[in-house]
Amino acid sequence: MVKIAFYTITGQTQRFINKTGLDAHRIEDAHPQYQMNDKYILILPSYQDFMMDSVVDFLTYKDNKENLLGLIGCGNRNFNDLFAQTAKKISVTLHVPILYLLELSGNSADVKNVRQIVKEACKKERGAQKDLPVQNPSLSNISFLSDFRQKNE
Ligand SMILES: Cc1cc2nc3c(=O)[nH]c(=O)nc-3n(C[C@H](O)[C@H](O)[C@H](O)COP(=O)(O)O)c2cc1C
């Protein structure tokens, strides 16, 4: 079973999650350090790096970054090149794929597509567990958003 984690500041991503009916763990600012314990997909909005500390705390907690299968990035295309910047930065930094991008709380096509993506990920994960008994969780310490920014300045 693939789990879902999400982060929200103004509630749009929460609304999207509600529309999909997916069971998901909300990353809370008050206590972001929660261990997923299983493979999961992270759904998150885009903000400036300094607003994403809770996501960094969550990802760096225990084996959360090793269990991250992929990202679904939410944002607003009015931000042009910065559209979904947070998902894009995490993807580059942790070498995890972006599975889908959507705006705000998503439309009905987004809901359908993301449900399908989660379903496929569950199927693939079941297959992977059978075919690949040995997994390599040897990701090094992540250089996260701030390091990414330094490298690209
Ligand atoms: C201060 C602020 C900064 C934002 N920066 C970006 C951005 O860089 N890129 C982007 O695609 N969307 C940006 N957005 C839009 C949000 O990512 C978008 O509205 C998202 O759906 C909010 O999700 P949430 O309500 O779950 O927090 C920004 C919104 C605000 C209020």
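In this predicted model, the shell of residues around the ligand divides into nine nonpolar and nine polar residues, with no charged residue among them. Of the 18 residues around the ligand, those that come nearest are Thr8, Gln12, Thr13, Pro45 and Gly75. Two elements, helix H1 (12-20) and strand E4 (68-75), each supply at least two residues of this shell.

The chain that surrounds the ligand comprises six helices and five strands. Read from the N terminus, these elements follow the order β-α-β-β-α-α-β-α-β-α-α. Of its 153 residues, 29% count as buried. Contacts between residues at least 6 apart in sequence were also examined, and 76% of them join residues at least 24 apart.

The strands form an open sheet of five, arranged in the order E2-E1-E3-E4-E5 and paired in parallel. Strand E2 (25-26) and strand E5 (98-103) occupy the edges; each has a single partner strand, so one side of each is left without a neighbour in the sheet. Helix H4 packs on this sheet and touches E3, E4 and E5. The direction of H4 makes about 155 degrees with that of E4.

Within the sheet, strand E3 (residues 40-44) is joined to strand E1 (residues 3-6) by four bridges, the two strands running parallel. In this pairing, Phe6 stands opposite Ile43 of E3. E3 also pairs with E4 in the parallel sense, over five bridges, and here Leu44 is found opposite Gly73 of E4. Strand E3 is mostly covered, as five of its five residues are buried. Tyr40, Leu42 and Leu44 point one way from the strand, whereas Ile41 and Ile43 point the other way. Both groups of E3 side chains are thus described as buried, whichever way they point.

Helix H4 (residues 85-94), which touches E3 among other strands, has Thr86, Ala87, Lys89 and Ile90 as its buried residues. These four cover an arc of only 165 degrees around the axis, and therefore lie on the same side of H4. An α-helix has 3.6 residues a turn, so residues three or four places apart point the same way. Just after H4, His95 adopts a positive phi of about 55 degrees.

Methods:
Residues numbered from 1 in each chain as written. Predicted model: local features only at pLDDT ≥ 70, side-chain atom pairs only at ≥ 80, totals over all residues. Near = placed C-beta within 6 Å. Nonpolar A, V, L, I, M, F, W, Y, C, P; charged D, E, K, R; others polar. Buried ≥ 20, exposed ≤ 12 C-beta atoms within 10 Å, placed from the backbone. Arc of directions from axis to C-beta. Contact = placed C-beta atoms within 7 Å. Pairing = 2+ DSSP bridges. Axes fitted to C-alpha atoms, helices over the stretch in contact; angles between N-to-C directions.
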